Structures are given as structure tokens and as C-alpha cells.
Amino acid sequence: MSDHREVSVILVYHSGYGHTEAIAKSVAKGVADVEGVSIELIKADDENKDWDKLAAADAIIFGSPTYMGSVSAQFKGFMDESSKVWFAHGWKGKVAAGFTVSASQSGDKLNSLIQMSVFAAQHGMIWVPTGMMPGNNTSEASQEDLNRIGSYLGMMAQANADQGADVAPPATDHRTAVHFGAHVAQSAKRWVAGA
């Protein structure tokens, strides 16, 4: 990619107990593994978050735990704070993607991803799904499969409520997160190259 500029990805997330942050770091690793793409993490609840960096990014990945069938209040606060950006069409045409973590296998995580994708659509962004087939859905499949939860819209991870972020989510979810991050980065590169 010597003839093109570096593609910039920002991952903005909230993590209540460390599990979402752990997955965010794995997603970021996947992004960083793609040549010609840079990644920076921003906490959604940081009062000093840099809106200019978000404005300059080619792609924004959203990450939130799923609490009570929704993104966290802190992540929703970030969404609401972006209304001035929305009004100015500041993120229009940027690539977007999302991931979420909950303690339950389902935990209504899909609703959080729908929230994120609708949020991205309101901003005029281009949503990137997981790009993975579902794992762990046949008699010969395994919990060790990539995309073991079987999500298409965005990346899902599951962390046992009684385990810390040092052991949960399990390694397979971290591998899925790395794969997901790389897919988003590659998609952003193609989108920027075609612009």
C-alpha cells in the first residue's frame, strides 16, 4: 500500500468490568495486523475523548457490554453526545462495525448490535458485518470454533459473570475478535481505496 495513505481506525468502547475492554484489545490486534491500517482505542465514557480523532478516522468500531438487553448507559451517553456530529453529517461515508459482550450466551446481545448499526445508519456510515459463518452449530462442531455464538451483524463474545477479564471471555472469542478486527480493517482499506 505504498502508493496510498494509511487507513485510520478508531475503536470507541465502554467496559464496565474489563471483559469488553479485553475483547476491544483483541479486535484492535486484528486491525493492527492488517498492513497500512492504524488503530487507536478511545473510551466512550472518557470526558476528554478526542472528537477530532473520530472525525479524522476512516472507520469507527463501536464496542459495548450488553446490559439489560441494551448497550450500556455510558455507551448510550456517547451515542447521544454525537448528535452535533450527526447534525453536521460528520461521519457520513465512514466505515462502521460493532461488538458486544454479555454473561449469557444470548443475553439479547443482538439488540445491542442492532442499536449500534441503526446508530451508524443515522450517521450515514457503511456497516461491516462479521463476514464469518457461524461456528458451533453442528454435532461435530465445537465451542472452540470461530464465531461460536453465530453472529452475523457484529461480533459477539460471552464472559461468565463469575470470572474476571483475565479468563473470560474464552480464547475462542478472542480469536474471533482478532479475525473480526482484521475483516473490518480490510473492508476499510477497500472502501478508502475506492473513494
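I began with Trp91 in this predicted model, and I noted that its relative accessibility is 1%, which lies under the 20% limit, so I entered Trp91 as buried. I then looked up Phe119, which at 5% relative accessibility also counts as buried.

Next I went through the aromatic ring pairs, for which the count comes to 10. I took Phe75 and Phe78, whose ring centres lie 5.5 Å apart with the planes at 50°, so I recorded this pair as tilted. Both residues sit in helix H3 (residues 73–81), 3 residues apart, about one turn of the helix, and both are buried. I then returned to Trp91 and Phe119, where the ring centres are 6.3 Å apart and the planes stand at 85°, so this pair is edge-to-face. The pair links distant parts of the chain, since I found Trp91 in the loop between helix H4 (83–87) and strand E5 (95–102), and Phe119 in helix H5 (residues 109–122), 28 residues apart. I also noted that ring pairs join these residues with Trp51, Phe62, Phe75 and Phe78 into a cluster.

I turned last to the nonpolar cores, of which the largest has 29 residues, with Ile23, Val27, Ile61, Phe99 and Phe180 making the most contacts inside it. Among the elements that give two or more residues to this core I listed strand E1 (7–13), helix H1 (19–32) and helix H6 (171–194), and H6 gives the most, with 7 residues. For Val27 I looked up the contacts beyond four places in sequence, and I found Leu11, Ile61, Phe99, Ala177, Phe180 and Gly181. Apart from this core I recorded another, of 23 residues, including Val71, Val85, Met125 and Ile149.

Note on methods. Residues are numbered from 1 along each chain as its sequence is written. This is a predicted model: local features need pLDDT of at least 70, side-chain atom pairs count only at pLDDT 80 or more; totals for chains, interfaces and linings use all residues. Side-chain values use heavy atoms; hydrogens and water are left out. Rings of Phe, Tyr and Trp (its six-membered ring) pair if their centres lie within 6.5 Å; planes under 30 degrees apart count as stacked, over 60 as edge-to-face and the rest as tilted. Helices (H or I, at least four residues) and strands (E, at least two) are DSSP runs, numbered from the N terminus. Buried means under 20% relative accessible area, exposed over 50%, partly exposed in between (1.4 Å probe, protein chains only). A nonpolar core is a set of buried Ala, Val, Leu, Ile, Met, Phe, Trp, Tyr and Cys residues joined through side-chain atoms within 4.5 Å. Contact means heavy atoms within 4.5 Å.
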